[in-house]
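Trainee: May I go through a structure with you? I have a few short questions about it.
Mentor: Certainly; please show it.

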Amino acid sequence: IGVGKEELTFEPNDDCGVAPTRNPDIKRYYCKKCGTPTLIFFGPLQEWVVPSFAFPQEVQDKNPPTAHVNYESAVLRVKDGLPKFRTFPPMKEGDQPDLMDE
């Protein structure tokens, strides 16, 4: 689920870790207790990506996914008609998306 920064309030605490990334503009947050990914922040786009499994089903139903990210390393292939980004959506306006076929 992708949301703009104005739609989300996030206050990291001691249970929240930040995983290392190759891109300094991306921050991946996770739960230190169980290792579950919780949020990804795309700095240049000022957008948060929240893994849909982090929400109850009723929230997922009201906010269906609009794309798949990191599809190149997906364990399960899904034919749902949504765009499948090889890694992440373009970080700068005007950049071409690197999409994969279903």
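Trainee: How many aromatic pairs does a search of the whole structure find?
Mentor: The number is zero. Please keep in mind that this is a predicted model.

Trainee: Which residue lies over the face of Tyr71?
Mentor: Arg77 does, at 4.7 Å from the ring centre. The ring of Tyr71 also has the charged end of Lys84 over it, 5.6 Å from its centre.

Trainee: Now to disulfides. How many are there?
Mentor: The count is zero. Cys16, for instance, takes part in no disulfide, and the nearest cysteine sulfur, in Cys31, is 8.3 Å away.

Trainee: Is Cys16 buried or exposed?
Mentor: Cys16 is buried, as its relative accessible area is 15%.

Trainee: And why is Cys34 not bonded to Cys31?
Mentor: The closest cysteine sulfur to that of Cys34 is in Cys31, at 3.7 Å, which is too far for a bond. A disulfide needs the two sulfur atoms within 2.5 Å. Cys34 itself is exposed, with a relative accessible area of 55%.

Trainee: Let us change topic. What volume does the second largest pocket have?
Mentor: Its volume is about 230 Å³.

Trainee: Which residues line the second largest pocket?
Mentor: Among them are Pro20, Thr21, Arg22, Asn23, Ile26 and Arg28, and the lining also includes Asn70, Glu72, Arg86 and Phe88.

Trainee: How do the residues of that lining divide?
Mentor: Three are nonpolar, five are polar and four are charged.

Conventions. Residues numbered from 1 in each chain as written. Predicted model: local features only at pLDDT ≥ 70, side-chain atom pairs only at ≥ 80, totals over all residues. Heavy atoms only, no water. Phe/Tyr/Trp six-rings, centres within 6.5 Å; stacked < 30°, edge-to-face > 60°. Lys NZ or Arg CZ within 6 Å of the ring centre and 35° of its normal. 1 Å grid on protein atoms, 1.4 Å probe; cavity = no way out; pocket = protein on both sides within 12 Å on 5 of 7 lines; lining within 4 Å. Points joined across faces, edges and corners; volume = space filled by probe spheres on them. Nonpolar A, V, L, I, M, F, W, Y, C, P; charged D, E, K, R; others polar. Buried < 20%, exposed > 50% of the residue type's maximum accessible area, 1.4 Å probe, protein only.
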